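Please look at the sequence and the 3D structure below. The report that follows goes through the sheet, the helices, some single residues and the cysteines.

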Amino acid sequence: MSGAQFPPLFSGLVTAGADPFPVACEEAIKGCDAGLVTYDIAPDRLRAAIVFAPEISLRDAMVMLPVCGVGFQNAFGALAPPEVSVHLDWDGGLRLNGARCGTLQAAAAPGDPDSAPDWLVIGLDLTLWSDQEETGTTPDVTSLNAEGCSEVDPMELLEAWVRHTLVWINRWDDEGVKPVHTEWTGLAHGIGKEITLQGKTGTFRGIDETFGLLLQQDAGSTIIPLTSTLREIS
């Protein structure tokens, strides 16, 4: 089987069973070029990660997390049955027909929100098949197969994710954050509902200009910065 085909300036690295997210972080630490896509496709799981090299503050660069989410929704929508809906959790969760099916995650170094990071990695982890939902004990968790998407080819989905993400990167570069903000808000899960996040409970009112979550509590509003979702890499 040939490797995945990506747009110019992107290159692929198959991780052969290893988790592509820490592999991408390791490659970034070594000084790899931006645009590296690490990936591993198993019968039950698609995992991938993209390396970025932002020249803006980490706080602003975190827009790549929602950009990759919108890119995934666009890619999946082009390949999956039209009746399957995709929604995005603020912290990177990916939902099919309301149930969690995967996640996006981010890591960067250094982690100062006000400084440009040396690198930023966005990872994708998607469940293709699982026997968990068949037991009925995890109604909030699903898989592509359980949602009638078994015909979606994981390699095609990976390639489409990178292509559609690139489209949104270019649009963000040309038009600023507003189009991403608008598109993401239309796909967001849980706006207007009570949520508990990072030990805080309140109503999810929306996002600010840097995608910080606006949490309305009895004592007033709190903004939870998107940088607070960054994963630590040991």
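## Strands 5, 6 and 7

Strand 5 and strand 6 run antiparallel and are joined by 4 bridges. Strands here are DSSP runs of type E with at least two residues, helices are runs of H or I with at least four residues, and both are numbered from the N terminus. Two strands count as paired if DSSP finds at least two bridges between them. Across this pair, Arg95 stands opposite Arg100 in strand 6. The hairpin of strand 5 and strand 6 has 2 residues between the strands, and Asn97 takes a positive phi near 50 degrees there.

The model is a predicted one, in which local features need pLDDT of at least 70 and side-chain atom pairs count only at pLDDT 80 or more, while totals for chains, interfaces and linings use all residues. Residues are numbered from 1 along each chain as its sequence is written, and side-chain values use heavy atoms, with hydrogens and water left out.

Strand 6 also runs antiparallel to strand 7, and 8 bridges join the two. One bridge partner pair is Gln105 with Gly123 in strand 7. Strand 6 is largely enclosed by the rest of the structure, because 9 of its 11 residues are buried. Buried means under 20% relative accessible area, exposed means over 50%, and partly exposed lies in between, using a 1.4 Å probe and protein chains only.

## The whole sheet

What is the order of the 7 strands in the open sheet? The order is 1-2-3-7-6-5-4, and the pairing is mixed. Strand 1 (11-14) and strand 4 (86-88) are the edge strands, each pairing on one side only. From one strand to the next, the twist averages 20 degrees.

Strand 4 is joined to strand 5 (residues 93-96) by 3 bridges, and these two strands run antiparallel. Leu88 stands opposite Leu94 in strand 5.

## Helices

Helix 1 (residues 20-30) lies across strand 1, strand 2 (36-42), strand 3, strand 6 (99-109) and strand 7 (119-127). Its direction is at about 165 degrees to strand 7. Axes are lines fitted to C-alpha atoms, for helices over the stretch in contact, and angles run from 0 to 180 degrees between N-to-C directions.

Helix 3 (residues 64-79) has 16 residues and should span 22 Å at 1.5 Å a residue; its end C-alpha atoms are 22 Å apart, which agrees. The expected span is 1.5 Å times one less than the number of residues. Helix 3 is mostly covered, with 12 of its 16 residues buried. Among the buried residues are Met64, Leu65, Val67, Cys68, Gly71 and Phe76.

The axes of helix 4 and helix 5 (residues 178-187) come within 8 Å and cross at roughly 130 degrees. The two helices are therefore oblique to each other. By the rule used, angles under 35 degrees count as roughly parallel, over 145 as roughly antiparallel, 65 to 115 as roughly perpendicular, and the rest as oblique. Helix 4 makes the contact through Trp168, Arg171, Trp172 and Glu175, and helix 5 through Pro179, Val180 and Glu183. Contact means heavy atoms within 4.5 Å.

## Three single residues

Thr165 is placed in helix 4 (residues 154-175). Thr165 counts as buried because its relative accessible area is 1%. Not counting residues up to four places away in sequence, Thr165 touches Val67, Cys68 and Gly71, and these three are among the buried residues of helix 3.

Ser57 sits in the loop between strand 3 (45-52) and helix 2 (58-61). With a relative accessible area of 17%, Ser57 is buried. Leaving out residues up to four places away in sequence, Ser57 touches Pro113, Asp114, Ser115, Ala116 and Pro117.

Is Glu194 buried or exposed? Glu194 counts as exposed, at 65% relative accessibility. Glu194 is in strand 8 (residues 194-197). Apart from neighbours within four places in sequence, Glu194 is in contact with Thr201, Gly202 and Thr203. The C-alpha atoms of Glu194 and Arg205 are separated by 9.2 Å, and the two residues are 11 residues apart along the chain.

## Cysteines

A disulfide is a covalent bond between the sulfur atoms of two cysteines. The rule used here is a pair of cysteine sulfur atoms within 2.5 Å, and by this rule the count is 0 disulfides.

Why is the sulfur of Cys101 not in a bond with Cys149? The closest cysteine sulfur to that of Cys101 is in Cys149, and at 8.0 Å it is too far for a bond. Cys101 counts as buried at 2% relative accessibility, and Cys149 counts as buried at 1%.
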